[in-house]
Amino acid sequence: MLYQVLKTGFGPLLKAFYRPWIRGKENIPATGAAILASNHLAVFDSVFLPLMIDREVVFMGKSDYFTGKGLKGKATAKFMRAVGTIPVDRSSGKAAEAALHTGLARLQENELFGIYPEGTRSPDGKLYRGKVGVARLALESGAPVIPVAMIGTNIAQPIGQKIPSRHRVGIVIGEPLDFSRYRGLAKDRYTLRAVTDEIMYNLMTLSGQEYVDLYAADVKAQLAKEGKFAGPVPAGAKAPGGREVPDVSVPEPTEADEVVDLSKKLKEEKD
């Protein structure tokens, strides 16, 4: 399977080059369905998370990744398929609905499914308003939502930069969020918004990102009109759901994270 080829072939090279660190991996269950809801800073997010966890996870990604022409376009498409990305046509509501059903089917098979609630990459490293698709998946499947914060991938690969830079990246995985109390309310827009805001609040506290209560796609569309790749965009005065902004900062790797990486490397070399 391409996923295994990527993990055993390119994986060690990527780990050696970027020295990724991970914290909270024990929060991902060894078996059973779960939704990994991640902030979205760079294309690399869909690469490093699958490489750094033990179970296979697939994400949804824009269909443009699969339709590019030329050598680069074909390489990108092959790479996205290798990490199990499910193509989504953002211009079509029906296509997006089909992608959500694909995710639901995977969860019903007791697998992991990854989703970026922001719907697109952040244009400036801030955290943007979440779309309610993640809440629908959680309420319809009954699966727990595990918040995942990607750290530094936007520095390694900023929007508009074709060749990634060498910058250390990290992953912080939070405790599972249980929304089973809202089961049966998957069509209630107020419940969907409340659940989504709860997920985004957890991503904010894990990642240390500033929050902007706008959809990233709308901001990027406005920037495109101005001929820009990125902001700056002023952060909102509140956290998701209108809460007060928590006192958080961007996580840094600790000695404990270093020991985990070194132990794993030594074990792999011994095997």
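Is R243 buried, partly exposed or exposed? R243 turns out to be partly exposed, with a relative accessible area of 35%. Keep in mind that everything below comes from a predicted model.

**View 1. R243 and E198 join up in a salt bridge.** Look for the side chains of E198 and R243, which meet with 2.3 Å from N to O. This pair links distant parts of the chain, 45 residues apart. E198 sits in helix 7, while R243 belongs to the loop between helix 8 (216-225) and helix 9 (255-270). E198 counts as partly exposed too, at 24% relative accessibility. If you wonder what brings such pairs together, side chains of opposite charge can pair when their charged atoms come close.

**View 2. D197 and R193 form a salt bridge within helix 7.** Here the N to O distance is 3.1 Å. Both residues lie in helix 7 (residues 189-207), and they are four residues apart, or about one turn of the helix. Buried or exposed? D197 and R193 are both buried.

**View 3. D124 and K126 make another salt bridge.** The gap from N to O is 3.8 Å in this one. D124 is partly exposed because its relative accessible area is 23%, whereas K126 comes in at 13% and so counts as buried. The line between the two labels is drawn at 20%. Altogether, the model has seven salt bridges.

**View 4. V250 sits in a loop and reaches other parts of the chain.** You'll find V250 in the loop between helix 8 and helix 9. Which residues does V250 touch, leaving aside those up to four places away in sequence? They are I151, S207 and G208. Now compare V250 with M204: they are 46 residues apart in sequence, and their C-alpha atoms are 9.6 Å apart in space. V250 is partly exposed, with a relative accessible area of 45%.

**View 5. A135 is a buried residue of helix 5.** Helix 5 covers residues 133-141. The relative accessible area of A135 is 0%, so this residue is buried. Setting aside residues up to four places away in sequence, A135 touches L192, V195 and T196. Another residue to pick out is I199, which is 64 residues from A135 in sequence but 8.5 Å from it in space, C-alpha to C-alpha.

**View 6. Seven strands line up in an open sheet.** Reading across, the order is 1-8-7-2-5-3-4, and the pairing is mixed. Strand 1 (21-23) and strand 4 (86-88) stand at the edges; each has a single partner strand, so one side of each has no neighbour in the sheet. From one strand to the next, the twist averages 25°. What holds neighbours together? Strands of a sheet pair through backbone hydrogen bonds, either parallel or antiparallel. Zoom in on strand 1 and strand 8 (residues 170-173), and you'll see parallel pairing over three bridges. I22 has I171 in strand 8 as its bridge partner.

**View 7. Helix 2 and helix 5 both meet the sheet.** Helix 2 (residues 45-52) lies across strand 1, strand 2 (34-38), strand 3 (57-62), strand 7 (145-151) and strand 8. The angle between helix 2 and strand 7 is about 115°. Helix 5 packs on the sheet as well, touching strand 2, strand 5 (112-115) and strand 7. The direction of helix 5 makes about 165° with that of strand 2.

Conventions
Residues are numbered from 1 along each chain as its sequence is written. This is a predicted model: local features need pLDDT of at least 70, side-chain atom pairs count only at pLDDT 80 or more; totals for chains, interfaces and linings use all residues. Side-chain values use heavy atoms; hydrogens and water are left out. A salt bridge is a side-chain nitrogen of Lys or Arg within 4 Å of a carboxyl oxygen of Asp or Glu. Buried means under 20% relative accessible area, exposed over 50%, partly exposed in between (1.4 Å probe, protein chains only). Helices (H or I, at least four residues) and strands (E, at least two) are DSSP runs, numbered from the N terminus. Contact means heavy atoms within 4.5 Å. Two strands pair if DSSP finds at least two bridges between them. Axes are lines fitted to C-alpha atoms, for helices over the stretch in contact, and angles run from 0 to 180 degrees between N-to-C directions.
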